[in-house]
Amino acid sequence: MATERNDYKVMSVFHITDLFKETHLKEYPKGQMLYYEGDSIELLHCIETGYVKVYNISHGGSERIIFIYGPGDVFPLMSYLRGDTSLHWFYSTMTSVSLRSIRPKLLMDRMRNDILVGEALANYAISISDEFIQRIEMLSVNDSKRKIVALLAFLVKKAGAGRPHCEIGVPITQQDMADMSGLTRESTSRQLVNLRSVGLLIGPSNKLVVDLVKLEIAIERLGIVI
Amino acid sequence: MAKNIKTKNKPVFILVSVSKVTSFGWAAQKAAVMAMREVSYDRVAIYGPISLQILLNTLSHVADSYNEVRAFSNRIETLEWLRREMITK
């Protein structure tokens, strides 16, 4: 509902997903490329179900996952609002995904003269940007335990379900975790075994189930900023 | 100052650093939108931390001034855009 706040027409309640309400839901299979590095931003997507990974490819040809978008996330909004003319990363589906999509022009029209919509979009994009920065900073840390605990905290936030035992709902291999934290697969495996021995990871080894109480203690002890 | 320059029929290109700005609340956002709409300029290029880059580019959309006001994350990029705009203007 539109109201007046000083001299601006503003929305009293605005949710970012409102922008996508009228659009068709489109299904994508697992492994579908949505954007290549260097692509221009033709569409902004809102995830209804499933997960999308953002990654780059190293000089050696290996894929490094930088970020994961989950249900309710809008991408690549951060790049769009930063003013990027082309994308710096690859975007592809990690699971089957359903998306609603709009053209950036619709977003611009919606923002025009509506400072609260702009503020809501900017705040969302800034929070995503902060998470990106935390993820990238964690790659440069020289402590494998810290890296894996920070990665688990990120995965819990983006794809976790359940308390106090939280299952990570996105399929992720040890190699993915190694690539996401800038470690070798061997170091990653060793850290996961250690975390399992102290009960921070529980359940069968083919699943990632995190004890949130122990995770919070580890985050505090290691001085990880989430 | 911008108005004075404009009265002399000269273009107004403004370079702004917000690198030391630590908070940007509602009043500042509103003032920024007002300034984008009302100040007489040709182009404004702003640089600062990424959070302000996102916020200011969003506000320039709100003010319908995105072609004239852009925010960047570093000074070099900012100057490059400003130079390009000066040439095409």
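A:Asn113 counts as partly exposed, at a relative accessibility of 42%. The residue sits in the loop that joins helix 2 to helix 3 of chain A. Its phi is positive, at about 65°, although A:Asn113 is not a glycine. The model discussed here is a predicted one, and the angle belongs to that model.

Chain B has a residue that can be described in similar terms. B:Asp64 has a phi near 60°, again a positive value in a residue other than glycine. B:Asp64 lies in the loop between helix 3 and strand 3 of chain B. With a relative accessible area of 48%, B:Asp64 is partly exposed, because that class covers values between 20% and 50%. In sequence, B:Asp64 follows helix 3 of chain B, and that helix deserves a closer look.

Helix 3 of chain B covers residues 50-62. Its 13 residues should span 18 Å at 1.5 Å a residue, and the C-alpha atoms at its ends are 18 Å apart, so the model agrees with the expected length. How many of the residues of this helix are buried? The count is 11 of 13, which leaves the helix mostly covered. The buried residues are B:Leu52, B:Gln53, B:Ile54, B:Leu55, B:Leu56, B:Asn57, B:Thr58, B:Leu59, B:Ser60, B:His61 and B:Val62.

What do these buried residues pack against? Elements of both chains are involved. From chain A come helix 1 (77-82), helix 2 (104-111) and helix 3 (115-139). From chain B come helix 2 (26-38), strand 2 (43-47) and strand 3 (69-72). Two of these elements, helix 2 and helix 3 of chain A, are the ones joined by the loop that holds A:Asn113. Strand 3 of chain B is also among the packing partners, and the loop with B:Asp64 lies between helix 3 and this strand.

The rest of chain B can be set around that helix. Chain B has 4 helices and 3 strands, arranged from the N terminus in the order α-β-α-β-α-β-α. Its radius of gyration is 13 Å, close to the 12 Å that the globule rule gives for 89 residues, so chain B is as compact as a globular protein of that length. Along the principal axes, the C-alpha trace spans about 35 × 25 × 20 Å. Of the contacts in chain B with a separation of 6 or more, 76% link residues 24 or more positions apart. Buried residues account for 45% of the 89. The accessible surface is about 5000 Å², with 55% of it belonging to carbon and sulfur atoms. Chain B carries 13 positive and 7 negative side chains, and the centres of these two sets are 7 Å apart.

Chain A contains 7 helices and 14 strands. Its radius of gyration of 19 Å is close to the 17 Å given by the globule rule for 226 residues, so chain A is likewise as compact as a globular protein of its length. The C-alpha atoms of chain A fill a box of roughly 60 × 35 × 30 Å along the principal axes. In chain A, 51% of the 226 residues are buried. Residues 24 or more positions apart supply 72% of the contacts with a separation of 6 or more. Chain A exposes about 11000 Å², of which carbon and sulfur atoms supply 51%. There are 26 positive and 26 negative charges, and their mean positions lie 5 Å apart.

Where in chain A are cis peptide bonds found? One runs from A:Phe75 to A:Pro76, with omega near -10°. A:Pro76 is in the loop between strand 8 (74-75) and helix 1 of chain A; helix 1 is among the elements against which the buried residues of helix 3 of chain B pack. Another cis bond runs from A:Arg163 to A:Pro164, with omega near -5°. A:Pro164 is placed in the loop between strand 11 (160-161) and strand 12 (165-168).

Further along chain A, A:Ala178 belongs to helix 5 (residues 174-181). Is A:Ala178 buried or exposed? Its relative accessible area is 0%, so A:Ala178 is buried. Leaving aside residues up to four places away in sequence, A:Ala178 touches A:Leu183, A:Thr184, A:Arg185 and A:Thr188. A:Leu151 is 27 residues away along the chain, and its C-alpha atom is 9.8 Å from that of A:Ala178.

Notes: Residues are numbered from 1 along each chain as its sequence is written. Chains are lettered from A and ligands numbered from 1 in the order in which they are written. This is a predicted model: local features need pLDDT of at least 70, side-chain atom pairs count only at pLDDT 80 or more; totals for chains, interfaces and linings use all residues. Side-chain values use heavy atoms; hydrogens and water are left out. Helices (H or I, at least four residues) and strands (E, at least two) are DSSP runs, numbered from the N terminus. The radius of gyration is taken over C-alpha atoms; the globule rule is 2.2 Å times the number of residues to the power 0.38. Buried means under 20% relative accessible area, exposed over 50%, partly exposed in between (1.4 Å probe, protein chains only). Contact means heavy atoms within 4.5 Å. Accessible areas come from the Shrake-Rupley method with a 1.4 Å probe; for residues, only the protein chains shown count as cover. Lys and Arg count as positive and Asp and Glu as negative; His and the chain ends are not counted. The place of a charge is taken as NZ of Lys, CZ of Arg, CG of Asp or CD of Glu. The expected span of a helix is 1.5 Å times one less than its number of residues.
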